[in-house]
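Colleague: I have a structure open that I do not know yet, and I would like to learn how to read it feature by feature. Could you take me through it?

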Amino acid sequence: MTSLFAISKNIAGAVALGVVCLTISCAASAKTHASAKPAPLTKRERAEHAVDRLTFGARPGDVERVEKIGVERWIAQQLRPETIDDSALDAKLDALPAMRLSTEQLIWRYPPPTIIRQVDAGRFGMPADPVERAIYANALANYRQRRDVKTAAQTGKSSTPNVTQQQSIADANLNQSLNVANLLRMLPDARWNGMLKMQPGTVRPFVQRLSPAERQQLVAGMTARQKEVLLALVEPNRVVTEEMQEEKLIRAVYGARQLEEVMTTFWSNHFNIYLRKNGEMPWYLASYERDVIRPHAMGRFEDLLVAVAHSPAMLVYLDNQQSIGPHSLAAMRAGPDSNQKKSAPGLNENYARELMELHTVGVNGGYSQQDVVELAKVLTGWGVENPQQGYGFAFNARRHEPGTKVVLGHKIGQNITRENGTGEHGEAEGMEVLHLLANSPATARFLSTKLAMEFVSDTPPKPLIDRMMKTYLKTHGDIRQVLGTMFRSPEFWSRDAYRAKLKTPLEFVVSSLRATDADVENATALGGALDRLGMPLYGVQQPNGYSLKGDPWLGAEALLARMNFALALTANRMPGVAVAIAPNAGTAEQNEQQLEARLLDGQVAPHTHEVVLKQMESAEASPVMAAAFAKGARGKAGDPFVAAPRGVPVSEPALAAALLLGSPDFQRR
């Protein structure tokens with residue numbers, strides 16, 4: 001089975017041309033219009049532009065609806081997401097019940113490795129609830145098996161009794177009372193209870209040996225909660241990580257509050273946290289967007305900054321949880337030589353540095369290394385209560401550095417009432433600095449520039465940034481009003497800005513799903529697709545997040561990957577996702593024109609039209625086979641419990657739709 005690009009040299013040439021076209025189109029508008037005043041956007045183009053920039057892409061009929069109610073009125077609605085009914089999305093999210101749990105509940109119900117290690121060491125007991133007990137028992141057995149395998153490798157032994165015994169039990173389950181045929185004939189509740197009663201440590205090998213179709217049969221008719229439990233019996237981490245990424249994609253595809261979701265993604269990237277920082281991070285990150293980012297995504301920036309600073313996910317990610325003031329009570333007890341060390345014992349500068357460089361004033365915001373050190377001292381004591389059990393923010397006065405600190409020329413803490421017996425009121429000191437940073441002109445400029453880059457162009461005009469900055473300072477960082485200033489600006493509605501931004505892989509995937517009106521039953525494979533497109537969700541190790549500019553996503557290899565995704569999608573080769581591309585309704589050209597109107601509102605370059613038409617006519621004589629782009633959930637065996645169909649011929653409409661989705665025309669927004 002070969003990819004689409006291995007089938008046609010003409011399409012490969014189109015990709016190369018597409019790279020050139022994208023590169024030129026994103027930068028050449030100003031040169032084109034230097035000698036002649038560009039025509040203003042038409043009414044239809046204004047509706048298209050608004051939908052392209054304020055959403056993850058148009059669904060069928062979106063542009064018509066926006067044009068009908070009026071662009072200004074529609075933008076006003078999107079700026080007030082609380083007034084938009086999103087009950088249809090809520091119904092979709094019911095399939096992900098774990099994402100409604102608090103961090104503490106999530107850690108208790110689906111334990112991370114640290115909890116299982118403590119159970120193994122006898123510091124934690126097994127839960128009394130039979131379902132939770134089965135999850136813990138399987139996780140404990142799997143942990144011990146991995147530990148035994150590692151020990152065997154270190155000692156040079158080829159196997160261990162535990163590993164052999166567990167495999168024998170798994171084989172027995174396959175061949176005796178819980179064999180596949182018997183199990184799949186049971187009713188859903190009986191199947192679920194049967195899996196719960198399996199010997200701990202045998203569920204994972206049992207499921208791994210099922211075919212994709214059998215895995216689907218295994219969970220058919222089960223509730224969302226039952227499916228979660230089965231996945232937790234295999235590996236609790238999969239429940240947390242995969243549902244979190246599924247929720248992100250489902251919200252982007254189906255949410256009616258699209259601008260709020262775009263802004264949530266923007267701020268999550270601005271305040272980036274790496275999913276795999278440590279073993280517990282997925283459990284902390286699961287509630288990060290829900291409880292920290294989304295509620296403040298269109299409010300006051302200071303409120304958002306304070307919420308992030310109190311987030312266990314951020315404090316653990318940037319190591320502030322470990323920071324200890326060099327003259328704090330905790331440091332004094334570390335030993336009599338602690339004051340003689342060259343560097344402050346336990347003082348961690350990571351969060352302080354990123355708080356200024358990436359979150360607020362920016363790299364050119366006028367701070368020094370000494371400011372970083374002073375801010376790190378201010379933030380000592382800001383941490384997490386019992387981080388391995390998912391409790392929330394806690395200020396530890398014993399870790400806090402006493403004395404007045406000077407940050408950006410401001411004395412911090414001199415007007416704060418001291419707390420008897422605990423030294424400084426360190427949380428109040430931190431709040432004072434957060435207020436200072438949130439209201440700094442440097443922060444206003446830094447954030448206005450990033451927002452203009454997100455919504456207008458990779459190189460936003462300075463006059464626009466100046467007006468946005470002025471609004472920011474006047475409204476004390478009201479994000480909604482800053483957005484309003486931008487959306488009313490002539491720069492936003494200029495011909496130069498129209499379809500000039502290159503979509504990120506996330507924007508491309510979601511806009512493809514929205515344009516094709518895809519039915520997403522299980523989004524796990526879509527997360528794997530984003531991995532292969534170079535933009536895994538929550539996958540940036542560095543705290544600066546993904547680039548807002550188009551350059552990192554531009555290249556022949558990147559466009560090739562996008563085209564292969566488009567073919568897998570339109571040929572229904574993406575597990576858990578179904579699209580219905582209209583059957584042949586006439587000539588190849590008539591079919592193409594219908595798809596161009598549906599997917600790109602008819603805005604297709606002549607060259608794209610010619611290439612797509614030529615490939616459709618070629619497909620009549622030699623049917624194209626779907627690319628093997630999707631391999632389930634990141635290629636892991638056992639689950640999700642969805643099947644990836646084998647290679648199938650691609651119909652003319654499906655091929656045309658794939659070519660249009662992979663074209664330079666669709667890559668821009």
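Modeller: We will go from the whole chain to one helix pair and then to single residues, keeping in mind that this is a predicted model.

Colleague: Then let us begin with the whole: how many helices and strands does the protein chain have?

Modeller: A count of secondary structure elements is a good starting point, and here the protein chain has 36 helices and eight strands. Of its 669 residues, 56% count as buried, and the accessible surface comes to about 28100 Å², with 52% of that area belonging to carbon and sulfur atoms.

Colleague: What share of the contacts with a separation of 6 or more joins residues 24 or more positions apart?

Modeller: In the protein chain that share is 76%.

Colleague: Now for a pair of helices: at what angle do the axes of helix 17 and helix 31 cross?

Modeller: For two helices one looks at the approach of the axes and at the angle between them. The axes of helix 17, residues 236–254, and helix 31, residues 524–532, come within 8 Å of each other and cross at roughly 85°. Because angles of 65 to 115 degrees count as roughly perpendicular, helix 17 is described as roughly perpendicular to helix 31.

Colleague: Which residues meet where helix 17 and helix 31 are in contact?

Modeller: From helix 17 come E242, Q245, E246 and L249, and they meet T524, L526, G527 and L530 of helix 31. Sorted by class, this contact of helix 17 with helix 31 has three nonpolar, three polar and two charged residues.

Colleague: Helix 17 also holds E247; is E247 buried or exposed?

Modeller: Burial is judged from relative accessibility, and the cut-off for buried is under 20%. E247 has a relative accessibility of 12%, and therefore it counts as buried. Leaving aside neighbours within four places in sequence, E247 is in contact with L93, L96 and M99.

Colleague: And what does E289 touch, beyond residues up to four places away in sequence?

Modeller: E289, which is found in helix 20, residues 288–293, touches K248, T264, S268, R294, P295 and Y538. With K248, E289 shows how sequence and space can be read together, since the two are 41 residues apart in sequence and 9.0 Å apart in space, C-alpha to C-alpha. With Y538, the side chain of E289 makes a polar contact of 3.3 Å, side chain to side chain. E289 has 7% relative accessibility, so it counts as buried.

Colleague: Which side chain is joined to that of T608 by a polar contact?

Modeller: The partner is D665, and the polar contact between the two side chains is 2.5 Å. T608 is found in helix 34, residues 606–621, and counts as buried because its relative accessibility is 8%. Apart from neighbours within four places in sequence, T608 is in contact with residues including E592, L660 and P664.

Colleague: Finally, the backbone: what is the phi of L408?

Modeller: When reading phi, one can look for positive values in residues other than glycine. L408 has a positive phi of about 55° although it is not a glycine; L408 lies in the loop between strand 3 (405–407) and strand 4 (410–412), and at 26% relative accessibility it counts as partly exposed. H476, also not a glycine, has a positive phi near 60°, and H476 is found in the loop between helix 28 (462–474) and helix 29 (479–487).

Note on methods. Residues numbered from 1 in each chain as written. Predicted model: local features only at pLDDT ≥ 70, side-chain atom pairs only at ≥ 80, totals over all residues. Heavy atoms only, no water. Axes fitted to C-alpha atoms, helices over the stretch in contact; angles between N-to-C directions. Helix = DSSP H or I, 4+ residues; strand = E, 2+ residues; numbered from the N terminus. Parallel < 35°, antiparallel > 145°, perpendicular 65-115°, else oblique. Contact = heavy atoms within 4.5 Å. Nonpolar A, V, L, I, M, F, W, Y, C, P; charged D, E, K, R; others polar. Buried < 20%, exposed > 50% of the residue type's maximum accessible area, 1.4 Å probe, protein only. Areas by Shrake-Rupley, 256 points an atom, 1.4 Å probe, with all protein chains shown as cover. Polar contact = N/O pair within 3.5 Å; in protein donor to acceptor, adjacent residues only side chain to side chain.
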